[in-house]
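Could you walk me through this structure in my viewer, one selection after another? I would like to know what to click on next and what there is to look at.

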Amino acid sequence: MNVLLVLGHPRTDSFCGALADAYCEGAREADVDVRELAVTDLEFDPDVHAECPSDQPLEPDLREAERDLEWADHLVFVYPNWWGTMPARLKGFFDRLFRPGFAFSFYEEDEGAGKEELLDDKTAELIVTMDVPPRIYRWLLRQPGNHALKRATLGYAGVRTTRVTNLGPIEDSDLEEREAWLEDVRELGRSLETGPESGLSRAKRTAASWLKALRLQFYPMAWVAYTIGALAAVGSDALTTGAYWLGLGFLFFLEAATVLSNEYADYETDRRNTFAGPFTGGSRVLVDGELSFGQVQIGIAVFLAATAAFGGATLLAGAGSTAATAGTMGTLAALALGYTLSPLKLAYRTLGELDVAVTHSVGVLVLGFVVLGGAWHDPLPWLLGLPFLLSVLPSITLAGVPDVDADRLAGKRTVAARFGVDGAAAVAATTAVLAALTGALWQLLDLVPGYSPAIYLGLVHTAAIVWLLRNRLEPDAGAQRIDLLMMASLSYITWFGVVPLVGLL
C-alpha cells in the first residue's frame, strides 16, 4: 500500500507535525510505503486567478504533489480545525490541485449526467486537532470542516474517507494527554497492516452496500397492493393473521432475490449507463465494486431459499385454496425473476414494463386476496388491481429513458430502447390518463370498496405528468436525467394504492 501523509498546519513544529511523525512511524512499522508532504513547504499561489483552476499552470511543487497524489492508495490529512474548518493554506492546496481533469471531469453534452470521479481508487483519513471538545464539535457544531473535506472535496473526486479522528481540546491539554494522543495516532498508522479501515468499518460498509443493493424504496408498492387484496378478502382482521404476515415475508424475499438478479443480469447496461440517477440505473454496487459477483450470487440463492420457505409456510397457514395460492405464487415468482433472467428475459423482449406493472399491482393484490380465503376468479381483486397496474406503467416506462443508450448497446429492448424516448413518453402519458379515468369511473359507479372522492385528485396529478412530459422531456436528446419526472410518476401510484388502502382499513 502506498500512503501519502499531507500535513496541513502552516508550522511543521506544531503538535500536528508531531502527530504526522507519529502516524508515519506506525505506518512504517506496518511495512507500508509512506511519503510525507507539508503544505507549508510548497511554493505555490493558493488563489485561483484563472476562470477555471485547470487553466492556471501548476507550479513545480504542485506538480510534484500531484504525482504523489497519483502514486498514493491512501491519503492522510493532518491539520488543525480553525474557525470550524481547515487552514487557508490547505484550502488553497485543494483549490489548485483538485481541478477538472485531475480530480474529476464533467461529461460532454449527451455523454452523461453529472461528473466522472477520477480519484475513486483511493481512500483517505482525517486527523484533526481542535480547541473545542470533539463531542461539542461533532454534536453541537455538526463537524462542518470534516463534512466539507470528506464529502464536498474528497468525496466529489471519488475518494472514500474511512476514518476521521478528532483530537482535543489541545489548548488545555497536558503532556500526558498529548503523549496518549501521539500513541493513538501511531497505532492508527500501525493499523494499516490490515488495511485503511477497521473491521467494524468494513462490516458497516458491507452492510450499507447490501442495503443499497436491495433497493428497499421500491418494496412498499407491492406491499400496499398485497394488503389491499387481503383487506378486500376479509377486512381489517387480515392484518392480525399469521397467513398475511407470512405472505408478506414471501413477497419481501422474492423482491430481494429479484432486484439482486436484475443487478447481476443488468451489469453490462449499468456499466455503460452514464445517466444513472436515484430512480434508475440499478444500485450500481457491482459497477462500483462495492459487492462482488460471487456475493450477489450468494445473496440471490439465500433470498430464493427464504422465498421458498415463506411460500411453503404461507400455503400451510393460508385460508384460501392451496392450488390457487401456489399457482399465484409460482406465477409471481416466474414473472418477477423472468424480468431479466433466462429463459423469459422479458425486459429484452419489450415486455419488462408490463411485467413489473403486473407483479407490483394486480399480481400481488390477487395473492393477498387468495391467501386470506378469496377466490382467484372473483372480479373484485382484478377490478381493484387494474387502475393500480395502469398507474405503475408511467414510472416503469420512463425509468428506461436515462438507460436508453446503454440498454440498446446491451441488447435490452425496453419501450424506450425500442420505440425511442418519444414512444416511452406516449406510453407513460396514455397509461397515466387511463389510470385516472379508470379510477374515477370505479368511484362514479361505486364498483369497488375502498374508493373515495379523493381518487379524483389523480386527474390533477395526471395533468401534471402530461405537462412535464411535454415541457421537461426532450425526445430528441436520447438518454437524459429525468429525476423530477420520475418523482412525479412514482408518487402518482399513491392515488391508486393509498386511497383504497385507507378506505378498506
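Here is a tour in six stops, from the core outwards to some backbone details. Keep in mind throughout that this is a predicted model.

**Stop 1: the main core.** Start by selecting L367 and L469. Both belong to the largest nonpolar core, which has 93 residues, and these two touch the most other members. Now colour helix α17, residues 415-445: this helix supplies the largest share of the core, 12 residues. With that in view, look for a second, separate core of 33 residues, whose members include A65, F94, L149 and V159. As background, nonpolar side chains tend to be buried together in soluble globular proteins.

Go back to L367 and show what surrounds this residue. Apart from neighbours within four places in sequence, L367 is in contact with Y226, F250, L251, T325, T328, M329 and L332.

**Stop 2: α8 against α14.** L367 also takes part in a helix pair. Select α8, residues 219-234, together with α14, residues 362-371. Their axes come within 7 Å and cross at roughly 35°, and the crossing is right-handed. On the α8 side, show A222, A225, Y226, I228, G229, A230, A232 and A233; facing them from α14 are V364, L365, L367, G368, F369 and V371. Which classes of residue make up this contact of α8 with α14? Colour by class and you should find 12 nonpolar residues, 2 polar ones and no charged ones.

**Stop 3: α2 against α3.** For a second helix pair, select residues 60-71 (α2) and 88-97 (α3); their axes are 11 Å apart and the packing angle is about 80°. Angles of 65 to 115 degrees count as roughly perpendicular, so that is how α2 and α3 stand to each other. Show L62, A65, E66 and L69 on α2, then F93, R96 and L97 on α3, to see the contact itself. By class, this contact of α2 with α3 has 5 nonpolar, no polar and 2 charged residues.

**Stop 4: α20 and its cover.** Next, select α20, residues 494-504, and show its buried residues: F496, G497, V499, P500, L501 and L504. What covers them? Turn on α8, α15 (379-398), α17 and α19 (483-492), which are included in the cover over the buried residues of α20.

While α15 is visible, pick out S391 in that helix. Is S391 buried or exposed? The relative accessible area of S391 is 0%, and buried means under 20%, so S391 is buried. Leaving out residues up to four places away in sequence, S391 touches A435, S489, Y492, I493 and F496. One of these, F496, is among the buried residues of α20.

**Stop 5: two cis peptide bonds.** Zoom in on G168 and P169, which are joined by a cis peptide bond with omega about -5°. P169 sits in the loop between β7 (160-167) and α6 (175-190). Then move to S342 and P343, where the peptide bond is also cis, with omega near 5°. P343 is in the loop between α12 (322-337) and α13 (352-359).

**Stop 6: positive phi values.** Finish in the loop between α4 (134-140) and α5 (144-154), where R142 lies. R142 is not a glycine, yet its phi is positive, about 70°. Q143 is in the loop between α4 and α5 as well, and has a positive phi near 50°. Q143 counts as buried, at 14% relative accessibility.

Key. Residues are numbered from 1 along each chain as its sequence is written. Side-chain values use heavy atoms; hydrogens and water are left out. A nonpolar core is a set of buried Ala, Val, Leu, Ile, Met, Phe, Trp, Tyr and Cys residues joined through side-chain atoms within 4.5 Å. Buried means under 20% relative accessible area, exposed over 50%, partly exposed in between (1.4 Å probe, protein chains only). Helices (H or I, at least four residues) and strands (E, at least two) are DSSP runs, numbered from the N terminus. Contact means heavy atoms within 4.5 Å. Axes are lines fitted to C-alpha atoms, for helices over the stretch in contact, and angles run from 0 to 180 degrees between N-to-C directions. Angles under 35 degrees count as roughly parallel, over 145 as roughly antiparallel, 65 to 115 as roughly perpendicular and the rest as oblique. Ala, Val, Leu, Ile, Met, Phe, Trp, Tyr, Cys and Pro count as nonpolar, Asp, Glu, Lys and Arg as charged, and the others, Gly among them, as polar. A crossing is left-handed if the near helix is turned anticlockwise from the far one by less than a right angle, and right-handed if clockwise.
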